Amino acid sequence: MNEDEVIYICPKCFQVCDSEIECHQHLMVKCNTGELGDDRRKPIYDHYGHYVSRAPRWYMEAVGWIESK
């Protein structure tokens, strides 16, 4: 994993940092955003082609809403 692909994000206010800090009385969530062109950077859609969420896969994995690939 390339360190440039790792960010920390607050799931409450979406503040982004390059190191783990406390925000809203909890630690930020570590996210591996993937390399350019990686499918993890795209939103998830169902088998009909409808988006499940506008959030990219890496965010959904980081907050535990879906399993990591």
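Trainee: How many bridges hold β1 and β5 together, and in what sense do they pair?

Mentor: This is a predicted model, and in it β1 and β5 pair in the antiparallel sense over four bridges. One point on that pairing is I9, whose bridge partner in β5 is V29.

Trainee: And what does β1 do with β2?

Mentor: Strand β1, which covers residues 6-9, pairs with β2 over two bridges, again in the antiparallel sense. I9 has V16 as its bridge partner in β2, and Y8 has C17 as its bridge partner in that strand.

Trainee: What order do the strands take in the sheet?

Mentor: The order is β2-β1-β5, in an open sheet of three strands with antiparallel pairing. The edges are formed by β2 (16-17) and β5 (29-32), each of which pairs on one side only.

Trainee: What about the hairpin of β1 and β2, which residue there takes a positive phi?

Mentor: That residue is F14, with a phi near 65 degrees, in a hairpin that has six residues between the strands.

Trainee: Is F14 buried, exposed or partly exposed, then?

Mentor: F14 counts as partly exposed, because its relative accessibility is 48%, and the cut-off for exposed is over 50%.

Trainee: Switching to aromatics, how many pairs are there?

Mentor: There are four aromatic pairs in the structure. One of them is formed by F14 and Y59, a tilted pair with 5.9 Å centre to centre and 50 degrees between the planes.

Trainee: Why does that pair tie together parts that are apart in sequence?

Mentor: F14 lies in the loop between β1 and β2 whereas Y59 lies in helix α1, so the pair ties together parts that are 45 residues apart in sequence. Y59 itself counts as buried because its relative accessible area is 7%, and the cut-off for buried is under 20%.

Trainee: What about Y45 and Y51, why is that pair edge-to-face?

Mentor: Their ring centres are 6.5 Å apart and their planes stand at 85 degrees, so the pair is edge-to-face, the cut-off on the angle being over 60 degrees. Both Y45 and Y51 are exposed.

Trainee: Which residues do the ring pairs link into a cluster?

Mentor: The cluster consists of F14, W58, Y59 and W65, linked by ring pairs. Leaving out residues up to four places away in sequence, Y59 touches I9, P11, F14 and W65.

Trainee: OK, on to the interior. Which residues make up the largest nonpolar core?

Mentor: That core has eight residues in all, namely I9, V29, C31, I44, A55, W58, Y59 and M60. Both β5 and α1 supply at least two residues of this core, and α1 gives the most to it, with three residues.

Trainee: And what lies apart from it?

Mentor: Another core, of six residues, lies apart from it, and its members include Y8, C10, C17 and M28. I9 belongs to the largest core, while Y8 belongs to this other one. As background, side chains in a regular strand alternate between the two faces of the sheet.

Trainee: Last one, where does E61 lie, and is it buried or exposed?

Mentor: E61 lies in helix α1, which spans residues 57-62, and it is buried, with a relative accessible area of 9%.

Trainee: What does E61 touch?

Mentor: Not counting residues up to four places away in sequence, E61 touches R40, I66, E67, S68 and K69.

Terms used:
Residues are numbered from 1 along each chain as its sequence is written. This is a predicted model: local features need pLDDT of at least 70, side-chain atom pairs count only at pLDDT 80 or more; totals for chains, interfaces and linings use all residues. Side-chain values use heavy atoms; hydrogens and water are left out. Buried means under 20% relative accessible area, exposed over 50%, partly exposed in between (1.4 Å probe, protein chains only). Contact means heavy atoms within 4.5 Å. Two strands pair if DSSP finds at least two bridges between them. Rings of Phe, Tyr and Trp (its six-membered ring) pair if their centres lie within 6.5 Å; planes under 30 degrees apart count as stacked, over 60 as edge-to-face and the rest as tilted. A nonpolar core is a set of buried Ala, Val, Leu, Ile, Met, Phe, Trp, Tyr and Cys residues joined through side-chain atoms within 4.5 Å.
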